[in-house]
Amino acid sequence: MFFQHIYDKSLAQASYFIGCQKAGVAAVIDAKRDVDTYLEIAKANNMTITHVFETHIHADFLAGSRELAQLTGAQLYLSAEGGEGWEYEFPHVGLKDNDVIKLGNLSFKVMHTPGHTPESISFLLTDHPASNEPVMLFTGDFVFVGDIGRPDLLEKAAGMVGTQDKGAKQMYQSINKFNALPDYVQVWPGHGAGSACGKALGAVPSTTVGYEKARNWAFQYAKNEEGFIKFLLADQPEPPKYFAMMKKLNKVDRPLLTEVPKLKQLSIEEVNANMAKGIKLLDARPKTEFAVGFIPGSLNVQGNNSFATWAGWYLSYDEPFMILADESMLDDLTRKLMRIGLDNIAGYLPSVNEFTKTGGTLSKVNQVDVETAKVLAKDPEVQVVDLRGVAEFNAGHIEGAENVFVGTLPDNLNKISRTKKVMIHCQGGDRASIGYSILAKNGFNNIVNYSPGMNEWISSGQPVIG
């Protein structure tokens, strides 16, 4: 058996390439959209991709299953569970609980494991030349290392009222099915630490059934379904805004993108004209560079591993946008964006120098240090705004601070004072830089940024409320 784990750090998303070396055939599970990775693996190992599997209709990324099938001629194998409303709307082979798919000397048994979503399935792999006992379980968003998939996404991200409680009950039943598996079976999940599909995912890539039974919180609620559901639904992170669109695009027949697009370099005149029309400019530079000089009206979404997630909060799928980034970053940034279906890139600007050369004046971020932040935090005429998530805020915050999550800031500008001085902060500065750029773009000129945020506030011995 040939096996390779492919991990996208930007979305904390795992996919898998599994092949029968004797037969020269392979399957891919939960493919990301820039599928050249799998084609290169197949070519390097003299294999043909014949099967493409998905564990469920994903909410956090746009699956590349259909792109991969079109390029290779592979057959799509997708869940036929979940009932009405959960059917994929393009040709595929439907899979039900206990179905078995053969791949050379390998076999994949389907386990229906609803909870995260109603149609969710897992794949139990047996390598028959070695043993007729299963060796690996590919769980998608069912069981993670140290956590399980959240059942509230459909309700919070897609507006499907009443689904989180039903999903939590289904998850409890699916856990019992997992419990019946042999302890030695390896578990390969669909996500690692940093994914918004759970709240406490471990950082290691895989685990075993036995380890999860012993250490995963979800398996400590035998005969206590009510306690399980209460803990599962508590303190889940805010689901990114783009999740609802992913649920739709992963289900319907959509245009395919079978290669990474090459971006057009824009002149500063084109950028200015586009911004005047309301077309957004994402400044992908580090927050430290953005702070010392940025094009007025641009949004600072740093080109790090969180780039696509934050871009998905602020960009519309039916509107073009632009990127400010060095040419060396473009392939990486474009891949990150296409993985969540943000393909409508009007072009890029390589540097803010293009703006200043033509007489443009850069804006600067008004930053404050911890000593100034301490004074401002005690001033009743200063509004302190904590841009972190609700669970983070509740765990500990500056006394008197107000919580406005940065992802929803554009919809909550009325909560930010235009008359008082406003001090914003987050945990370590990334989200505060996004927030500052959003507020500056919307005409706020009374904002100061305490960039080191709660990390420095706590380490310097300042008190928190929580």
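Residues are described here as buried when their relative accessible area is under 20%, and as exposed when it is over 50%. The model examined is a predicted one, and the account below begins with a helix to which this distinction applies.

In helix α13, the residues V370, A373, L376 and A377 are buried. These residues span an arc of only 115° around the axis, which places them on the same side of α13, whereas V375 and K378, on the other side of the helix, are exposed. An α-helix has 3.6 residues a turn, so residues three or four places apart point the same way. The cover over the buried residues of α13 includes the strands β17, β19 and β20 together with helix α16 (453-459).

Three of these covering elements belong to an open sheet of four strands, arranged in the order β18-β17-β19-β20 with parallel pairing. The edges of this sheet are occupied by β18 (402-403) and β20 (447-449), each of which has a single partner strand, so that one side of each is left without a neighbour in the sheet. Helix α13, comprising residues 370-378, packs on the sheet through contacts with β17, β19 (421-425) and β20, and its direction makes about 125° with that of β19. Strand β17 (residues 382-386) is joined to β18 by two bridges, the two strands running parallel, and V385 stands opposite E402 in β18.

A further parallel pairing is found between β15 (residues 321-324) and β16, which are joined by four bridges; here M322 is placed opposite G347 in β16. Strand β16, formed by residues 345-349, is mostly covered, with four of its five residues buried.

Side chains of opposite charge can pair when their charged atoms come close. The structure holds 23 salt bridges, and D34 takes part in more than one way, through K32 and through R335. In the pair with K32, the closest N and O atoms are 3.1 Å apart, and both D34 and K32 are buried. In the pair with R335, the N to O distance is 3.0 Å. This second pair links distant parts of the chain, since R335 lies in helix α11 (residues 330-338) and D34 in the loop between β3 (25-29) and α1 (36-44), 301 residues apart. R335 counts as buried because its relative accessible area is 16%, and D34 counts as buried because its relative accessibility is 2%.

A salt bridge is also formed between the side chains of K156 and D152, with an N to O distance of 2.8 Å. Its two members differ in their exposure: K156 is partly exposed, with a relative accessible area of 45%, while D152 is buried, at 0%. Elsewhere, salt bridges that share partners join D8, K32, D34, D36, D331, R335 and R339 into one network.

An acidic residue without such a partner is E212, located in helix α5 (residues 209-215). E212 is buried yet has no salt bridge, and the nearest side chain of opposite charge, that of R215, is 8.4 Å away; a salt bridge would require a side-chain nitrogen of Lys or Arg within 4 Å of a carboxyl oxygen. Apart from residues up to four places away in sequence, E212 touches V143, F144, V145, G146, D147, F178, T207, F219 and Q220.

Definitions and conventions
Residues are numbered from 1 along each chain as its sequence is written. This is a predicted model: local features need pLDDT of at least 70, side-chain atom pairs count only at pLDDT 80 or more; totals for chains, interfaces and linings use all residues. Side-chain values use heavy atoms; hydrogens and water are left out. Buried means under 20% relative accessible area, exposed over 50%, partly exposed in between (1.4 Å probe, protein chains only). Lys and Arg count as positive and Asp and Glu as negative; His and the chain ends are not counted. Contact means heavy atoms within 4.5 Å. Two strands pair if DSSP finds at least two bridges between them. Axes are lines fitted to C-alpha atoms, for helices over the stretch in contact, and angles run from 0 to 180 degrees between N-to-C directions. The arc is that of the directions from the helix axis to the C-beta atoms.
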